[in-house]
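Biologist: I'm new to this one, so could you walk me through it? Please show me the sequence and structure to begin with.

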Amino acid sequence: MAQAWLYWALASAIFAALTAIFAKMGLQGIDSDFATFIRTVVIIGALALFLSYTHKWQSLGSLSGRNWLFLILSGLATGASWLAYFKALQLGNASQVAPIDKFSVVLVTLFAVLFLGERPSGQEWLGIVLIGAGVLVLALKR
């Protein structure tokens, strides 16, 4: 039986794929930065409802300085990623943009090794190299 994280990761991949398709359809005729703002407002509302429904609200005072620092940095990185992603979707094909965006998988692994001390296995490195090679194949001009 697969570990619980695998189901959540697969759900993430499915929703990420739908994000690209829905975003590409919704970007027609509007500015990509404004579209990112609309998306963010929807996410905030949906998360507020979800936290209320599941009773998972926490006191802001319960967060440490380290929590605040890295969550703020993560939020800024997410915002920058979304702005770049929506601009790329507006300018290019979803079938080209989304796979290249997944180069983040390679970068996450490298950053996890450098900053988190993670040590991927040989099989995991092979998968990362294959993802990187796939991105290169997709990025090369025809």
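Biologist: How many salt bridges does a search of the whole structure find?

Modeller: Happy to help, and please keep in mind that this is a predicted model. Side chains of opposite charge can pair when their charged atoms come close. Searching the whole structure gives a count of one salt bridge.

Biologist: Which side chains meet in a salt bridge, and at what N to O distance?

Modeller: Look at D101, which is partly exposed at 27% relative accessible area. K102 is partly exposed too, with 35% relative accessibility. The side chains of D101 and K102 form the salt bridge, and the N to O distance is 3.4 Å.

Biologist: Which helices each supply at least two residues of the largest nonpolar core?

Modeller: In soluble globular proteins, nonpolar side chains tend to be buried together. Here the largest nonpolar core has ten residues, including A20, L27, Y85 and V97. A23 and F86 belong to this core as well, and A23 touches F86 and L89, leaving aside residues up to four places away in sequence. The helices that each supply at least two of the core residues are α1 (4–26), α3 (65–91) and α4 (94–101).

Biologist: Is T109 buried or exposed?

Modeller: T109 sits in helix α5, which covers residues 104–116. Its relative accessibility is 13%, and the cut-off for buried is under 20%, so T109 counts as buried.

Biologist: Which residues does T109 touch, not counting those up to four places away in sequence?

Modeller: We can stay with helix α5, where T109 lies. Once residues up to four places away in sequence are set aside, T109 touches P120, W125 and I128.

Key
Residues numbered from 1 in each chain as written. Predicted model: local features only at pLDDT ≥ 70, side-chain atom pairs only at ≥ 80, totals over all residues. Heavy atoms only, no water. Core = buried A, V, L, I, M, F, W, Y, C linked by side-chain atoms within 4.5 Å. Buried < 20%, exposed > 50% of the residue type's maximum accessible area, 1.4 Å probe, protein only. Helix = DSSP H or I, 4+ residues; strand = E, 2+ residues; numbered from the N terminus. Contact = heavy atoms within 4.5 Å. Salt bridge = Lys/Arg side-chain N within 4 Å of Asp/Glu carboxyl O.
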